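Subject: Structure handover

Hello,

Here is the structure I promised to pass on. Please have it open while you read the notes underneath.

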2 protein chains.
Amino acid sequence: MNTTANTQEQIINGVNVTRMMETIEAVKGDPEIGDFKFRVKNTWQKGGYNEATITDFYGAKDNIPHEQPFVIKADEPDILLGKDQGPNPVETLLAALSGCMTTTLAYKSAGAGKTVSDVSSEFEGDIDLQGFLGIRPDVNKGYNEIRVKFKVKGDVTEDEVREMVKNSPVYDTLVRPIAIRIDVEKAG
Amino acid sequence: MNTTANTQEQIINGVNVTRMMETIEAVKGDPEIGDFKFRVKNTWQKGGYNEATITDFYGAKDNIPHEQPFVIKADEPDILLGKDQGPNPVETLLAALSGCMTTTLAYKSAGAGKTVSDVSSEFEGDIDLQGFLGIRPDVNKGYNEIRVKFKVKGDVTEDEVREMVKNSPVYDTLVRPIAIRIDVEKAG
């Protein structure tokens, strides 16, 4: 039991480590608090253009609204028959991976009491269109390999960074096969 | 060899099917045209906040710039120790999946000569925080399962939709394990 006077929150890398440790203790005490469900709704407009909207999620046994809805547009560049009004979904996938590995590095290093100052990174992945276009059934439709380059300033070694970023939930989702259940409802 | 007078492009679902068929023939004739590389750069700001920027990609044997750079922000909601200034990366991952399955449906149905009019969808995935927080090493850090619900109006059956959306490159990237190579450079 802390008195108000004794409570001083520790912030490292912009992460409130005191609250992070409290969260870990809370989830340890009641694992249901750690059950999260994330959600997106998508509306197609035309051709390669559609919009994903994110308004709320479930966590700590409750639905939690975001401060405001977030919209992520999708389109295709001209060469892939779109109007280039947004990143295409395989680019958005790399953005998700980059955001997640970066945040994971900030949080995990903060949790270990280590400061990072500058973090930048580059992501590149290969897709062979023969897969999606149905030319060769033996060719993958999605990414074959993704290459990641991190540049980091701070109180961490290269090996520590490499190990920390592997805790990223998006990284973990990509390196394992995920079950995706598809329901379809025909309307009209 | 078409004369100008005979050239009439077929557009279905907003997709130029004539150009799609030409693309398929071009890639069949020279598979290197179908080698694409997609790229993202990420810059960390603080805590859970970072930005991914997408400016160009490689395809048809050339670097191709987007019409404008696209920026996808990442942040975490308050309960996950952020300021909620953007979707979090696992939400962005679902947005990428939703965009890709939707575009795939529009393109594949167009390629089959089938019209769709309204397409909307909902995506939900489960994450157990005990994984990321390091409480239980046997718990996955990323998604355990993703559920997808499509509502479609148009000239397609429910089974056709289910089969078409599985051609999505992001779907294919998630249901298979992907190799991710990580390089780290310590700067300063």
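Below is what was found, starting with the symmetry and ending with the charged pairs.

Please keep in mind that this is a predicted model.

Symmetry

A turn of 180° lays chain B on chain A. The shift along the axis is 0.0 Å and the RMSD is 0.0 Å. That is the relation of a two-fold axis. In chain B, B:Pro177 has the C-alpha nearest the axis, at 2.4 Å from it. Both copies use the same surface: of the contact residues of chain B, 100% recur in chain A.

The interface

How many residues of each chain are in contact with the other? The count is 129 residues of chain B against 129 residues of chain A. Between them the two chains bury about 11,900 Å². Carbon and sulfur atoms carry 62% of that area. On the side of chain B, the residues that lose the most area to chain A are B:Phe38, B:Trp44 and B:Leu81. Together these three make up 7% of what that side buries.

Polar contacts are part of the picture too. There are 79 residue pairs in polar contact between chain B and chain A, counting pairs with both residues at pLDDT 80 or more. Which element of chain B gives the largest share of the side that touches chain A? It is helix α2 of chain B (residues 89-111), with 19 residues.

A sheet built from both chains

One open sheet has 6 strands, with mixed pairing. The order is β5(A)-β4(A)-β3(A)-β6(B)-β7(B)-β8(A). Its edge strands are β5 (62-74) and β8 (179-186), both of chain A, and each pairs on one side only. From one strand to the next, the twist averages 15°.

Now along the sheet, pair by pair. β3(A) (residues 35-46) and β4(A) (residues 49-59) run antiparallel, joined by 7 bridges. They form a hairpin with 2 residues between them. A:Gly47 sits in the turn and has a positive phi of about 50°. A:Lys46 stands opposite A:Tyr49 of β4(A).

The next pair crosses from chain A to chain B. β3(A) and β6(B) pair in the antiparallel sense over 9 bridges. Here A:Val40 stands opposite B:Phe123 in β6(B).

Within chain B, β6 (residues 116-128) and β7 (residues 145-154) are also antiparallel, over 8 bridges. B:Glu124 has B:Arg147 in β7(B) as its bridge partner. Helix α4 of chain B (residues 158-165) packs on this sheet. Helix α4 touches β7 of chain B and β8 of chain A, and its direction makes about 145° with that of β8(A).

Charged pairs

Over all chains, the structure holds 32 salt bridges. Across the interface of chain B and chain A, 8 are found. One of the salt bridges is B:Arg19 with A:Asp78, with the closest N and O atoms 3.3 Å apart. B:Lys37 and A:Asp126 form another salt bridge, where the closest N and O atoms are 3.3 Å apart. B:Lys37 lies in strand β3 of chain B and A:Asp126 in strand β6 of chain A, so this pair joins two chains.

Over to you.

Best wishes

Key:
Residues are numbered from 1 along each chain as its sequence is written. Chains are lettered from A and ligands numbered from 1 in the order in which they are written. This is a predicted model: local features need pLDDT of at least 70, side-chain atom pairs count only at pLDDT 80 or more; totals for chains, interfaces and linings use all residues. Side-chain values use heavy atoms; hydrogens and water are left out. Copies are superposed by least squares on the C-alpha atoms of residues with pLDDT of at least 70 in both. Contact means heavy atoms within 4.5 Å. Two strands pair if DSSP finds at least two bridges between them. Helices (H or I, at least four residues) and strands (E, at least two) are DSSP runs, numbered from the N terminus. Axes are lines fitted to C-alpha atoms, for helices over the stretch in contact, and angles run from 0 to 180 degrees between N-to-C directions. Buried area is the accessible area (1.4 Å probe) that two parts lose on being put together, summed over both. A salt bridge is a side-chain nitrogen of Lys or Arg within 4 Å of a carboxyl oxygen of Asp or Glu. A polar contact is a pair of N or O atoms within 3.5 Å; within protein, one must be able to donate a hydrogen and the other to accept it, and residues adjacent in sequence count only if both atoms are side-chain atoms.
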